[in-house]
Amino acid sequence: MRIIVNGEEKDVDGPGLGDVLRQCGYDNEHVATALNGEFVHRHLREDTRIRPGDRIEVVSPIAGG
Amino acid sequence: MVEFYGKTVSNPLLLGTARYPSPAIMAEAVRASAAEIVTVSLRREAGGSSAGQKFWQLIRSLDVAVLPNTAGCHSAREAVTTAHMAREIFQTDWIKLEVIGHQDTLQPDVFGLVEAARILVEDGFRVFPYTTEDLVVAERLLHGGCEVLMPWGSPIGTGRGINNEYGLRSLRTHFDTVPIVVDAGIGLPSHAARAMEIGCDAVLLNTAVARAADPVAMAQAFCEAVAAGKKAWEAGPMEPSGFAHPSTTDAGRGQFV
């Protein structure tokens, strides 16, 4: 299915958010996620089903002021 | 000593970690500043990258508390989601809450700020709100559960110093037990010293150190400046006068004409 990950279209299998992260090459331990603008806790990723057109944000630490 | 949500820090200088020439210079500047709290952020990461993890390991090696920000958020909803992501990654309930309202000045959207602060306090966050010097907004933030105020000195990254000293003094007078951190716009150690001289509890800055020709030396200069300013406030500055007063007594002055 086609979804948007960090603003880019991706073709993924899913079905869960955890699966999508692995399919996109993310290390689950060091990123935080949001689905369609809502935070998804690390422990809920495997149980969160992804649907076509979903928007996923995957972020990690960076320098900040 | 200043206390933020039960944590006591002895150095009133909080330092940002962005815009340094290199991660190594950033780390050295943090050490030179003696800052006990540094700010960090979150950004999109590409699959397969370990850049975020490496940065986080470097910060952890500095043995400082982290204050994650919601930089770049333009709505309460964005800021709330970002805060939750930051809490999970950085393992802290502290959040420097920024809701930006104006693209040119990066002025806080104080309406969105108050709304987001209230939601985040209910969600168990300890909120450091990046705000203006507006008294009414400060009242709303405190009423919403914030226990720290972070008014701007001047717009982020401008280095203009304190634009509205009267406003900051007014905040200090009205909220005399709330920790006040001047955040943004500090360009020189003298600006930071000034903030402390008028009774603010701490200063948060980034660009003034990171963009100095020698960030490490500048970090140390800021550390010394906030210490001097704090001591001056505690010592009780003299009141300015409109008239001259001789320092040296006239009594006993010789008559030569």
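# Salt bridges, loops and helix packing in a predicted two-chain model

In this predicted model, a search of the whole structure finds 15 salt bridges over all chains.

User: Which residue forms a salt bridge with D19(A), and where in chain A does the pair lie?

Analyst: D19(A) lies in helix α1 of chain A, which covers residues 17-23. Its partner is 3 residues away in that helix, so the two are separated by about one helical turn. The side chains meet with N to O at 3.0 Å, and the partner in helix α1 is R22(A).

User: Which residue outside helix α1 of chain A forms a salt bridge with R22(A)?

Analyst: R22(A) forms a salt bridge in which the closest N and O atoms are 3.0 Å apart. This pair links distant parts of the chain, since R22(A) is in helix α1 whereas its partner, 24 residues apart from it, is in the loop between β4 (38-40) and β5 (55-63) of chain A. The residue in that loop is E46(A).

User: Are R22(A) and E46(A) buried, partly exposed or exposed?

Analyst: A residue counts as buried under 20% relative accessible area and as exposed over 50%, with partly exposed in between. R22(A) has a relative accessibility of 43%, and E46(A) has a relative accessible area of 42%. Both values fall between the two cut-offs, so R22(A) and E46(A) are partly exposed.

User: How far apart are the closest N and O atoms of R253(B) and D250(B), and are these residues buried or exposed?

Analyst: R253(B) is exposed, and D250(B) is exposed as well. For a salt bridge, a side-chain nitrogen of Lys or Arg has to be within 4 Å of a carboxyl oxygen of Asp or Glu. R253(B) and D250(B) form such a bridge, with their closest N and O atoms at a separation of 3.8 Å.

User: Which residues of chain B are joined into one network by salt bridges that share partners?

Analyst: In this network, salt bridges are linked to one another through the partners that they share. The residues joined in this way are E165(B), R169(B), R194(B) and E197(B).

User: Where in chain A is the cis peptide bond that involves P15(A)?

Analyst: P15(A) lies in the loop between β2 (8-11) and α1 of chain A. The cis bond has an omega of about 5°, and the two residues that it joins are G14(A) and P15(A).

User: Which residue in the hairpin of β1(A) and β2(A) takes a positive phi?

Analyst: The strands β1(A) and β2(A) run antiparallel and are joined by 4 bridges, and R2(A) has D11(A) in β2(A) as its bridge partner. There are 2 residues between the strands of this hairpin. The residue with a phi near 50°, a positive value in a residue other than glycine, lies in the loop between β1 (2-5) and β2 of chain A; it is buried at a relative accessible area of 11%, and it is N6(A).

User: What is the phi of R19(B), and where in chain B is this residue placed?

Analyst: R19(B) counts as partly exposed, at 43% relative accessibility. Although R19(B) is not a glycine, its phi is positive at about 70°. Its place is in the loop of chain B between β3 (13-16) and α1 (23-33).

User: Which elements of chain B do the buried residues of α7(B) pack against?

Analyst: Helix α7 of chain B spans residues 189-197, and its buried residues include P189(B), H191(B), A192(B) and M196(B). Just after α7(B), G199(B) takes a positive phi of about 100°. The buried residues of the helix pack against β9 (181-183), β10 (202-205) and α9 (215-235).

User: Which residues does P155(B) touch, not counting residues up to four places away in sequence?

Analyst: P155(B) is in the loop between β8 (150-151) and α6 (165-174) of chain B, and at 17% relative accessibility it counts as buried. Its C-alpha atom is separated by 9.3 Å from that of D183(B), 28 residues apart along the chain. The residues that P155(B) touches are T105(B), N163(B) and G185(B).

User: Are α1(B) and α9(B) roughly parallel or roughly antiparallel?

Analyst: The axes of α1(B) and α9(B) come within 7 Å and cross at roughly 20°. Angles under 35 degrees count as roughly parallel, so the arrangement of α1(B) relative to α9(B) is roughly parallel.

Key
Residues numbered from 1 in each chain as written. Chains lettered and ligands numbered in written order. Predicted model: local features only at pLDDT ≥ 70, side-chain atom pairs only at ≥ 80, totals over all residues. Heavy atoms only, no water. Buried < 20%, exposed > 50% of the residue type's maximum accessible area, 1.4 Å probe, protein only. Contact = heavy atoms within 4.5 Å. Pairing = 2+ DSSP bridges. Axes fitted to C-alpha atoms, helices over the stretch in contact; angles between N-to-C directions. Parallel < 35°, antiparallel > 145°, perpendicular 65-115°, else oblique.
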